[in-house]
Amino acid sequence: RVALPSCKEMALRFAQKLGCAPTNRDAVAEPSKQHRLDIVVCKSTSSDLELDLHDDPGWVPSGPASPQAIARRMFKASTAKFDSGFRADFPEGDLDDSEVSATSSGMSAATTALESPNSVETLQVPAFIPRVQFRKCGFWRDLAVQEAREIGERLAKGDARFHISARGQDYFLDFSHEGHAMQQNMATGKTRRLRILAAGSNDPWESQQPLWNQPCPREQWRLGPQSLRGDAPQNSLRHLKNSWHAQVCFRDFEEREREYCREWASFYHAYSHAALIYEVQAAIASVLFGFKAEYAPLPRLLMHDFYDIPNAGMLIHRFNSDFAESKRDHHAAFRKVALSTMCSFTAKGPEMCLAKVFTSGYSCKDVPFRGVLENLLQSCGIPSERVVSLADAVVALAERHGLDTSKFGGKACESGKPGHALQIFIRRSLVDRLSYAAKPYGYVDEDRMPLSAWLNGDNPNTHGQARVVAHPEHFMQAGHVRMFVASADPTFHRKRGDFQRELCRLFKDLQEPDQREHAATGIYGGVLPAWWPSSERARLAAKRRVRASIV
């Protein structure tokens, strides 16, 4: 039995956290006596994010997909200090088990340390523990945490071939061949295959805030659609007067905002030539992971791009330290993870009026779109000899359905309207984790930070941008992010569902067991996702669900 605190003790503890009662600093329980993790976070400052982003001289430079490089990225992500920007205003012991449970990788629970009386607690994940599995009797089984920890430490140091002792036996482990890791029992000579699974999100913050930090759904419903709050002017919609189809699309935006405003904040991303890449990523995610591609495309797919920048806090830090003096939000590392968005469909600026650019779309001019498409296919496990022919088939299919492919070696759409608008709904508890208020070129807009507080209030959003971290782990989960797309070309807008189904059939080979695992490994940068099925029965069940979603 566990002795639960009395109501009086809980009230006193809560008052102490709020600064309404004297705090006995010496009475804080030791970590060994705590049964739950008290995550307390603070207002973000530059001094709070002292991250060591430089490589240790001991790292062995052996390619981005090598086990050593993967371990290095995961190790740095797991030992970094993070700050999500919320004040310490909730008590100990009131978190659900789901909010403090360790990830499926077996990572040890993070520990916290109180600092000055009015200070904050900093969440740290002290050790890198990958999830390592071995093959036995047709099943993938997890190694013990202690063995996984030792393997992670050796890989992080750059070792690809090494010995370990476990369960009274000596083993030789070989990770020098990509996709063919193995362990050998030195006494019996028996060998088994090994594989490393990703630890899930490298961002240690849980997806849900405590209930008292979340806005009241009833109040959000009373405030109404986000784009109409604060008596926002609607005169930007005059640009739609000559297109009945565009008017219908924007009316749908408003109705969805009205439906989702209780628990979701809305963002709008305009694009044009990148549409084919987004659609291909959605089709691959549908085949491999069961993503609902019929509703919207997927702006980002390659998971390994997010190992170093998993959340908005890290993106701001990297922008201030690296990107601000070098291309800003046009930096390649910034583009790989972030989207430029507006917070209202009536937005007039700066730089972009959504209603005005809806027809023509918005696009960068310095992107080799055909090369990006071919690199994407190759990263997803498509054999090199098939990449060009498959890319040609994708372009031809897009042309038949009215999608602009002029930047991919194809034809422009007949209507001359290549624009698209992606309506993104992010659960309010995740807004500050995945986005920040921005000025042109990606600079932080301090007047609207934290962005969640601004969007939760009765504030006009006709002026101001945002940057959204399009992390696939969140964007592929309907409980975290939901998306809808509107295309300025009426033909493609109407036929997009048929286009997606045919596009998925082009990637049907990825459903084969070996191909599917190889493709998922490429997307995750050399490892498999933590939820990857460990048995043949589970794999077949997942395959049936994916096939049902395609049909």
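**Exercise 1. Aromatic rings**

Task: State which residues ring pairs link into a cluster, then classify the pairs Tyr-260 with Trp-264 and Phe-319 with Tyr-443.

Solution.

Step 1. In this predicted model, a cluster formed through ring pairs contains Phe-250, Phe-253, Tyr-268, Phe-345 and Phe-358.

Step 2. The number of aromatic pairs in the protein is 18. In the pair of Tyr-260 and Trp-264, the ring centres are 6.1 Å apart and the planes stand at 90°, so the pair is edge-to-face. The cut-offs this needs are centres within 6.5 Å and planes over 60 degrees apart.

Step 3. Tyr-260 has 12% relative accessibility and counts as buried. Trp-264 is buried too, at a relative accessible area of 6%.

Step 4. For Phe-319 and Tyr-443 the centres are 5.2 Å apart and the planes are again at 90°, so this pair is also edge-to-face. The pair connects distant parts of the chain, with the two positions 124 residues apart: Phe-319 belongs to helix 8 (residues 312-323), and Tyr-443 to the loop between strand 10 (435-438) and helix 14 (451-456).

Step 5. Phe-319 is buried, with 1% relative accessible area, while Tyr-443 is partly exposed at 33%.

**Exercise 2. Helix 8**

Task: Compare the span of helix 8 with that of a straight helix, and find what covers its buried residues.

Solution.

Step 1. At 1.5 Å a residue, a straight helix of 12 residues would span 16 Å. The expected span is 1.5 Å times one less than the number of residues. Between its end C-alpha atoms, helix 8 spans only 14 Å.

Step 2. Of the 12 residues of helix 8, 9 are buried, which leaves the helix mostly covered. The buried residues are Ala-312, Gly-313, Met-314, Leu-315, Ile-316, His-317, Arg-318, Phe-319 and Phe-323.

Step 3. The cover over these buried residues includes helix 9 (332-337), strand 8 (338-342), helix 13 (431-434), strand 10 and strand 11 (465-469).

**Exercise 3. Backbone geometry in two loops**

Task: Locate the residues Lys-327 and Tyr-441, whose phi is positive although neither is a glycine, and find the cis peptide bond at Pro-450.

Solution.

Step 1. Lys-327 has phi near 75°. Its place is the loop between helix 8 and helix 9. With a relative accessible area of 61%, Lys-327 is exposed, because the cut-off for that class is over 50%.

Step 2. Tyr-441 has phi of about 75°. Tyr-441 sits in the loop between strand 10 and helix 14. At 36% relative accessible area, Tyr-441 is partly exposed.

Step 3. The face of the Tyr-441 ring has Arg-328 over it, at 4.2 Å from the ring centre.

Step 4. The cis bond joins Met-449 to Pro-450, with omega about -5°. Pro-450 is in the loop between strand 10 and helix 14.

**Exercise 4. Arg-427 and Val-372**

Task: Give the place of Arg-427 and of Val-372, and say whether each is buried or partly exposed.

Solution.

Step 1. Arg-427 lies in strand 9 (residues 420-427). Its relative accessibility is 17%, so Arg-427 counts as buried, the limit being under 20%.

Step 2. The side chain of Arg-427 reaches the backbone oxygen of Gly-479 at 2.7 Å.

Step 3. Val-372 lies in helix 11 (residues 369-379). Val-372 is partly exposed, with a relative accessible area of 32%.

Step 4. Leaving out residues up to four places away in sequence, Val-372 touches Ile-277 and Val-367. Val-372 and Ile-277 are 95 residues apart along the chain, with 7.9 Å between their C-alpha atoms.

**Exercise 5. The whole protein**

Task: State how many helices and strands the protein has, and give its buried share, its long-separation contacts and its exposed area.

Solution.

Step 1. There are 18 helices and 12 strands.

Step 2. Of the 551 residues in the protein, 50% are buried.

Step 3. Among contacts with a separation of 6 or more, 72% are between residues 24 or more positions apart.

Step 4. The exposed area is about 26200 Å², and carbon and sulfur atoms supply 51% of this area.

Definitions and conventions: Residues numbered from 1 in each chain as written. Predicted model: local features only at pLDDT ≥ 70, side-chain atom pairs only at ≥ 80, totals over all residues. Heavy atoms only, no water. Helix = DSSP H or I, 4+ residues; strand = E, 2+ residues; numbered from the N terminus. Buried < 20%, exposed > 50% of the residue type's maximum accessible area, 1.4 Å probe, protein only. Contact = heavy atoms within 4.5 Å. Areas by Shrake-Rupley, 256 points an atom, 1.4 Å probe, with all protein chains shown as cover. Phe/Tyr/Trp six-rings, centres within 6.5 Å; stacked < 30°, edge-to-face > 60°. Lys NZ or Arg CZ within 6 Å of the ring centre and 35° of its normal. Polar contact = N/O pair within 3.5 Å; in protein donor to acceptor, adjacent residues only side chain to side chain.
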